[in-house]
Amino acid sequence: MVRILGLCLLLFASAIAETFSDTGFSFTGEIKYKNLKHFDYVNPNAPKQGSIKLYEIGSYDTLNPIAAKGVSAAGLELFYDTLTVRSEDEPFSEYGLLAERIQRDVDNYFVIFHLNKAATFHDGSEVSAFDVAFSFQTLMDSQNPLITRYYQDVEDVVVVDKWTVRFNFKNNQNKELPLILGQMQIFPKKFYENRSFGENPLEIPLGGGPYKIVAVDSGKKIEYELVENYWARNHPTRIGQFNFKKIIYEYYKDDNVALEAFKAGAYDYRQESSAKNWALGYASSALEKGAIIKEELAHSLPSGMQGFFFNTRREFFADRRVREALNYAFNFEWSNKNLFFSQYTRTKSYFDNSPLASFSVPLEKEREILEPFRSQLPHELFTQPFVLPEHNASGNVRSLFKEAQRLLQEAGWSYKGGKLQKNGKPFVFELLLVSPAMERVAVPFKRNLGILGIEMNIRTLDMTQYINRVRSFDYDMIVGVVPQSLSPGNEQRYFFSSSAANEQGSRNYAGIENPTIDALIEKIIHAPTREDMVDYTRALDRVLLWEYYVIPQYHNRSFRIAYWNRFAHPKITPLYGTGFWSWWIESDKEELLLKTYPKLRRE
C-alpha cells in the first residue's frame, strides 16, 4: 500500500529512533568505504569508447525485467538505476545511488531513502519519491513469486515529500530488509500513466540507467547505447564503470554453436561453464597467437547448489531413504576425471566455499538451535558429519551399492527380474534437461541407476518448454541451480519454504514442506547479528543436506573467462564478482587486433 504523509509528522514520529548514512550501509554496520570516491576494483581514468558484442543462449520475448511469464531480455540491469549499489569487494554492503542518504530505524521498523535531486530518467525528467512508490507497488503487483516473497515483510510505502520515501516494516526482525529495498530498480511512473506496466512486452520503455535500448530484434538481438548525459556518470558508485559506448547481446540456440561463433569473432567475451570446452574447445590459431585470451579469476562466492533435484511431490521420491539411496549412483570422481579434466570440486554444502557451510558435527551453538527439532530430524544429524558417497575414478560402483540396495529395500522396494518394483510398479522416472551438454553427465548416472534396477529416461527440451514445465513443477527430476550469497535472507523462503512448495514459478524445485526448515529460514531472516545468521544458516544447510533433496554435483572456485584481446581491466579483481563492467577497450590493442581480424570491427 502507498501512502502520502507530511514530513513534520514523519520526523516527529521517528526522531527518537533513527540512524543516518550519507554513503553506505551493511548488515553488520561495518563498511569498507567510509568516504567513497570510487571502488578499488575500477580504473577511474578508464576511457569510454568502442562497441562490444556479448552472447546469450535461448531467446527473449519481453523487456519487462520482472515478468512472471516469458523470458526477459539480457542487459536490463543496465537500463534502470537502483536506490543503492552493491560493492563487489564486500560480503554485503551498499552505497547510495538514487538515494543520497539513508535513514534507518535503530530498532529496524522502517527505512527512509532521501533521493538525490540530480537524478533523472533518460528524458531528463526527475526521479521522485512517487517513482519509488510506484516501482514498489509494481513489483508487488507483478505476480512474480520471487519478487513478492522478497518484499513480503514490508507493511507499506509512504511518500513523505517529493524527495523522501519511507518503507514501514511488518516487524523489526528482518535485518536485511533495508538492503533488499536498496536493490530495487526504479521505474518512471509518468511513462505508465496511460499504459499498464508490461502491457506491450517489446515496447521500449523509459529507463534511467547508464544505458538506453536503441534496437530490439525479438528473441535474436538487443542493442544498448551509453547515455551521454547520464546523471550519475561521475557518481562515486559509477566512476570507472560502464566504459563501452555500445553493447549488443546476440542470442544463440545452442552453446556449442555459440562457442564456434566466438572463435570466429562473432562476439567478444564469454564466461565458460563447460570444463570440456575450457580444456579443449578454444583451440584455434587465434588462441595460439594471443588474439583470444583465457583467464581464470578466483572468487570467494558461495557455490550455491547445483545438482539432480528430486521432485518430492512425486510419490517415489517422497521417501528420504530412496533419495539417499540414489546418491550412491552418481560417481562424481569418475565424471570429474573423465568428463571435466579434474577441474571441479564436489559440492558438499548449499553454501560451499564460504563460512556459511556446515561442517563436522553440530557445535554448541548450532546444537542449541537444532535441539528443539530433534524429534523431526534424522538422528545421525547430531552425531555424524554429513558425508557424500565417495567412489573411485575407475567407474566400479558395485561396492557402494549394497548400502543403496539396503535403503531401497527398507523403503519397500524389491527386485524382480533385476528390476526394482513396489506394489507391482517398476521404478521408472524421467530426468528433464535443457542443456544437451548435461547429457554426458546424465548418461553415466543413468547407467549406474540401471545397476540398481532403476530406469531413468533422459529428455532434453528447448528453453521455452523447459521453463514452462519447471515453473509448473511438471518433472520427476531436473538439474537445478540454487544460487546463494554471503548474506542469505528472504530468498530462502522462495527456495525451500513450505509456502513456496506449490507456488508455481518458485525455485522450491524439490517441493520441500518441512516445518523445521521453515523455522530455520525465519531465524536466518530475523537474525539479530551476523554471528547468529551464520549459525542459523549452518543449521539450515545441515538439515537440507541430511534430508537428501538433491544429489549434489560440483562447482568451480574461479570464473573461467575468454575474450578477444581488445580489452584492458583493472589489476584488482573483486572478491565477489568478475568486475566486467569496469573493463574498457584499449585503443592500441584494438588497432593491432583489427589489422589481423578486420571482421572484429564493431562500429
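Contact means that heavy atoms lie within 4.5 Å. The structure is a predicted model, in which local features need pLDDT of at least 70, side-chain atom pairs count only at pLDDT 80 or more, and totals for chains, interfaces and linings use all residues. Residues are numbered from 1 along each chain as its sequence is written, and side-chain values use heavy atoms, with hydrogens and water left out.

**Exercise 1. The chain as a whole**

Task: Determine what share of the contacts between residues at least 6 apart in sequence join residues at least 24 apart, and explain why the radius of gyration agrees with that of a compact globule.

Solution.
1. Of the contacts in the chain between residues at least 6 apart in sequence, 75% join residues at least 24 apart.
2. The radius of gyration is taken over C-alpha atoms, and the globule rule is 2.2 Å times the number of residues to the power 0.38.
3. For 603 residues, a compact globule would have a radius near 25 Å, and the chain has 25 Å, so the two agree.
4. The C-alpha trace spans about 75 × 65 × 45 Å along its principal axes.
5. Helices (H or I, at least four residues) and strands (E, at least two) are DSSP runs, numbered from the N terminus; the chain has 17 helices and 28 strands.

**Exercise 2. Burial and the nonpolar cores**

Task: State what percentage of the residues count as buried, and identify which helix gives the most to the largest nonpolar core.

Solution.
1. Buried means under 20% relative accessible area, exposed over 50%, and partly exposed in between (1.4 Å probe, protein chains only).
2. By this rule, 57% of the 603 residues count as buried.
3. A nonpolar core is a set of buried Ala, Val, Leu, Ile, Met, Phe, Trp, Tyr and Cys residues joined through side-chain atoms within 4.5 Å.
4. The largest such core has 81 residues, of which Tyr-151, Phe-167, Leu-181, Phe-244 and Ile-247 touch the most other members.
5. Helix α2 (residues 129–140) gives the most to this core, namely 6 residues.
6. Another core, of 46 residues, lies apart from it and includes Leu-356 and Val-470.
7. In general, nonpolar side chains of soluble globular proteins tend to be buried together.

**Exercise 3. An enclosed helix**

Task: Explain why helix α8 is described as largely enclosed by the rest of the structure.

Solution.
1. Helix α8 covers residues 320–327, and 7 of its 8 residues are buried, so the helix is largely enclosed.
2. The buried residues of α8 are Arg-320, Val-322, Arg-323, Glu-324, Ala-325, Leu-326 and Asn-327.
3. They pack against several elements, including β16 (305–310), α11 (401–410) and α16 (530–546).

**Exercise 4. Two residues with positive phi**

Task: Decide whether Ser-342 is buried or exposed, and do likewise for Phe-473, buried or exposed.

Solution.
1. Ser-342 has a positive phi of about 55° although it is not a glycine, and it is found in the loop between α9 and β17 (345–346).
2. Because its relative accessibility is 51%, Ser-342 counts as exposed.
3. Phe-473 has a positive phi of about 60° and is not a glycine either; its place is the loop between α13 (463–471) and β23 (477–482).
4. With 7% relative accessibility, Phe-473 counts as buried.
5. Among the residues that Asn-336 touches, not counting those up to four places away in sequence, is Ser-342.
6. Asn-336 lies in helix α9 (residues 332–338) and is buried, with a relative accessible area of 10%.
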